[in-house]
Amino acid sequence: MTVPVTAFIALGANLGDAAATVRGAFAALAALPQTRLLRHSSLYRSAPVDSSGPDYLNAVAAIATSLPPLALLQALQSIEQAAGRERPYRNAPRTLDLDLLLYGESRIDLPGLTVPHPRMEQRAFVLVPLAEIAPERVPASLLAAVAGQAIARLTDGAAPDSQ
């Protein structure tokens with residue numbers, strides 16, 4: 001049995017009932033084989049970045065998994081498809097987007113998978129929820145660099161059991 005690693009997954013949705021979709025994705029992550037949901041952030045609202053459509057709901061989840069990185073990526077894409085994800089063009093509005101941000105301390109550069117996620121340090125919608133659940137992973141300098149990006153924690157829509 002492979003020793004589990006802690007991986008962080010960014011979740012985003014801006015079509016349909018985005019809050020229900022993100023909450024459903026938390027459950028789907030928890031149900032993955034060889035995987036345990038450790039914690040997840042609150043839900044956050046943010047304007048689309050390099051995209052269009054309505055505002056996004058975003059969150060970050062931490063999982064312990066023994067799935068290898070490419071198998072985890074495939075599982076994340078299956079969860080997206082089950083939520084009705086379509087890819088008509090790059091950065092299209094979406095029912096669900098799951099990005100593998102970090103996989104333990106691994107650095108991965110493969111076709112279709114780069115870890116750490118190459119744009120995570122430029123996006124408040126990733127860094128703010130990540131800092132909520134893993135502050136040691138987000139230096140203050142990174143948060144300061146994205147401070148001008150609008151993001152709001154949902155107080156009435158906060159996901160249950162987020163800690």
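Begin inside the protein, where the largest cavity holds about 30 Å³ of space. Keep in mind throughout this tour that the model is predicted.

**First stop: the cavity**

Select Ala 10, Asp 99, Leu 101, His 117, Arg 119, Met 120, Arg 123, Phe 125 and Val 126, and you will have the residues that line the largest cavity. Sorted by class, this lining is made up of five nonpolar residues, one polar residue and three charged ones. If you colour the chain by secondary structure, you can see that strand S5 (97–103) and helix H3 (124–133) each contribute at least two residues to the lining. The count of cavities of 30 Å³ or more comes to one.

**Second stop: the whole chain**

Now zoom out and show the protein as a cartoon, in which four helices and eight strands make up the secondary structure. Following the sequence from its beginning, you meet these elements in the order β-α-β-β-β-α-β-β-β-α-α-β. Of the 163 residues, 47% count as buried. Among contacts between residues at least 6 apart in sequence, 71% join residues that are at least 24 apart.

**Third stop: helix H1 and the loop after it**

Select helix H1 (18–30), which has 13 residues and reaches 18 Å from its first C-alpha to its last, close to the 18 Å expected at 1.5 Å a residue. Its buried residues are Ala 18, Ala 19, Val 22, Ala 25, Phe 26 and Leu 29. They lie on the same side of H1, because the arc they cover around the axis is only 120°. It helps to recall that an α-helix has 3.6 residues a turn, so residues three or four places apart point the same way. Add S1, S2, S4, H2 and S5 to the view, and you will have the elements against which the buried residues of H1 pack.

Then move to Gln 34, found in the loop between H1 and strand S2 (35–40). Gln 34 has a positive phi, near 55°, although this residue is not a glycine. With a relative accessible area of 45%, Gln 34 is partly exposed.

**Fourth stop: helix H2**

Helix H2, which you can select as residues 69–82, has 14 residues and reaches 20 Å from its first C-alpha to its last, close to the 20 Å expected at 1.5 Å a residue. Which residues of H2 are buried? They are Leu 72, Leu 73, Ala 75, Leu 76, Ile 79 and Glu 80. These buried residues are on the same side of H2, because they cover an arc of only 160° around its axis. On the face turned away from that buried side, look for the exposed residues Gln 74, Gln 81 and Ala 82. The buried residues of H2 pack against strand S1 (5–13), helix H1, strand S4 (56–65), S5 and strand S7 (113–115). After H2 comes Gly 84, whose phi is positive, near 90°.

**Fifth stop: Pro 116 and the second largest pocket**

Select Val 115 and Pro 116 together, since a cis peptide bond joins these residues, with omega about 0°. Pro 116 is placed in the loop between S7 and H3.

From here, turn to the second largest pocket, which has a volume of about 210 Å³. It is lined by 14 residues, of which Leu 102, Arg 107, Pro 116, Glu 121 and Arg 137 are the closest to its centre. The lining of the second largest pocket divides by class into eight nonpolar, two polar and four charged residues.

**Last stop: helices H3 and H4**

Select helix H3 and colour its buried residues, which are Ala 124, Phe 125, Val 126, Leu 127, Pro 129, Leu 130, Ala 131, Glu 132 and Ile 133. Because nine of the ten residues of H3 are buried, this helix is largely enclosed by the rest of the structure.

Finish at Leu 142, which lies in helix H4 (residues 140–145). Is Leu 142 buried or exposed? Leu 142 counts as buried, because its relative accessibility is 18%, and the cut-off for buried is under 20%. If you draw a distance between the C-alpha atoms of Leu 142 and Ala 124, the separation is 8.9 Å, although the residues are 18 apart along the chain. Leaving aside neighbours within four places in sequence, Leu 142 is in contact with Glu 121 and Leu 127.

Note on methods. Residues numbered from 1 in each chain as written. Predicted model: local features only at pLDDT ≥ 70, side-chain atom pairs only at ≥ 80, totals over all residues. Heavy atoms only, no water. 1 Å grid on protein atoms, 1.4 Å probe; cavity = no way out; pocket = protein on both sides within 12 Å on 5 of 7 lines; lining within 4 Å. Points joined across faces, edges and corners; volume = space filled by probe spheres on them. Nonpolar A, V, L, I, M, F, W, Y, C, P; charged D, E, K, R; others polar. Expected span 1.5 Å × (residues − 1). Buried < 20%, exposed > 50% of the residue type's maximum accessible area, 1.4 Å probe, protein only. Arc of directions from axis to C-beta. Contact = heavy atoms within 4.5 Å.
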